[in-house]
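Biologist: I'm new to looking at protein models, and I'd like to zoom in on one spot instead of the whole thing at once. Could you pick the part where charged side chains gather, walk me through it, and then show me how it sits among the rest?

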Amino acid sequence: MSIVRPEFGPTLPEMLGPRVRALPRVARLALAAGAAALVLLAIVLVATRGAGVQTAQVDRTAAPFNVQYAAPLHRTAPRAGEVLRLETADGSSSFVVRPLLVPPYRGDVSAQLLAIATRLTGEMRRSVPGFLLRQEGRARIANQPGYQLQYQFSEGGRTAYGRRVLITPGGPHDRTGADIDLRVPRSARVPTFDSAGSTGAVKLPLRSFHFGS
């Protein structure tokens with residue numbers, strides 16, 4: 001007995017059943033094999049979802065954190081002042097984390113982050129070739145408050161984009177956090193400064209960044 005109300009007409013199996021039974025035996029076997037292949041493909045896709053994704057856990061800092069990443073990014077030895085460095089084999093894209101220490105403050109941490117961002121902007125103007133600040137303002141990564149600088153610069157004669165995010169865990173009067181600096185070359189996938197961190201290899205670690213173990 002069909003569970004479909006009569007006014008809604010026959011179900012799909014009721015419509016296709018007679019047609020399938022009318023097919024030659026070879027055609028019915030081929031149809032069954034195709035259906036089985038589709039089911040197997042669905043199982044494989046579910047089983048391999050997230051395959052290749054790795055987690056970088058950093059505990060040796062005042063504000064422990066973890067991020068997820070996948071190829072083409074790989075973990076390399078941090079440089080001076082860094083606690084985590086992820087980069088592509090050619091070094092053109094990178095995701096770097098440095099410890100952040102916020103001076104004592106009252107109220108919202110944003111004013112302190114703005115002051116730190118202003119200092120960092122001056123430092124990058126002096127040290128990063130072709131540095132140009134494109135946009136800045138408040139940021140929020142996984143409900144964690146922060147302040148970000150979006151910029152462009154020159155890498156090997158090519159235009160590249162960066163995003164520097166100062167972020168704290170979000171508790172009252174948090175004074176420790178993370179200074180995230182990601183950089184990617186301009187490409188068809190990353191055509192503007194606003195695309196940096198929103199697509200490509202560095203998207204996953206930025207979106208998955210969390211304080212704690």
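Modeller: Sure, let's start with a network of salt bridges that links E82, R85, E87, R98, D181 and R183. A salt bridge here means a side-chain nitrogen of Lys or Arg within 4 Å of a carboxyl oxygen of Asp or Glu. The idea behind it is that side chains of opposite charge can pair when their charged atoms come close. Before we go on, bear in mind that this is a predicted model, where local features need pLDDT of at least 70 and side-chain atom pairs count only at pLDDT 80 or more, while totals for chains, interfaces and linings use all residues. Residues are numbered from 1 along each chain as its sequence is written, and side-chain values use heavy atoms, with hydrogens and water left out.

Inside the network, look at D181 and R183, whose side chains meet in a salt bridge at 3.3 Å, N to O. D181 is buried, with a relative accessible area of 4%, whereas R183 is partly exposed at 22%. (Buried means under 20% relative accessible area, exposed over 50%, and partly exposed in between, with a 1.4 Å probe and protein chains only.) R183 has another partner too: its charged end sits over the ring of F153, 5.2 Å from the ring centre. To count as a charge over a ring, NZ of Lys or CZ of Arg has to be within 6 Å of the ring centre and within 35 degrees of the ring normal.

Now let's step away from the network. The structure holds nine salt bridges, and one of them joins the side chains of D108 and R138 at 3.6 Å, N to O. D108 lies in the loop between β5 (94-101) and α3 (110-127), and R138 is in strand β6 (residues 132-141), so this pair ties together parts that are 30 residues apart in sequence. D108 is partly exposed at 44%, and R138 counts as exposed at 61%.

Next comes the salt bridge between D194 and R163, at 3.9 Å, N to O. Here D194 lies in the loop between β9 (176-185) and α4 (203-208), while R163 belongs to strand β8 (residues 158-167), so the pair ties together parts that are 31 residues apart in sequence. D194 is partly exposed at 41%, but R163 counts as buried at 9%.

Charges aren't the whole story, since the structure also holds four aromatic pairs. One of them is F65 with F209, a stacked pair at 5.0 Å centre to centre, with 20 degrees between the planes. F65 lies in strand β2 and F209 in the loop between α4 and β10, so the pair ties together parts that are 144 residues apart in sequence. Both rings are tucked in: F65 counts as buried at 2% relative accessibility, and F209 is buried at 0%. The rings of F131 and Y151 have their centres 5.3 Å apart and their planes at 40 degrees, so that pair is tilted. It links F131 in the loop between α3 and β6 with Y151 in strand β7 (residues 144-155), 20 residues apart. F131 counts as buried at 12%, and so does Y151 at 0%. For the cut-offs, rings of Phe, Tyr and Trp (its six-membered ring) pair if their centres lie within 6.5 Å, and planes under 30 degrees apart count as stacked, over 60 as edge-to-face, and the rest as tilted.

Back to F65 for a moment, which forms one aromatic cluster with F209 and F211. F65 also stands opposite F211 in β10. Strand β2 (residues 65-69) and β10 pair in the antiparallel sense over two bridges; two strands pair if DSSP finds at least two bridges between them. They belong to an open, antiparallel sheet of three strands in the order β1-β2-β10. The edge strands, β1 (54-58) and β10 (210-211), each pair on one side only.

Zooming out, the protein chain has four helices and 10 strands. Both are DSSP runs numbered from the N terminus: helices are H or I with at least four residues, strands are E with at least two. Of the 213 residues in the protein chain, 38% are buried.
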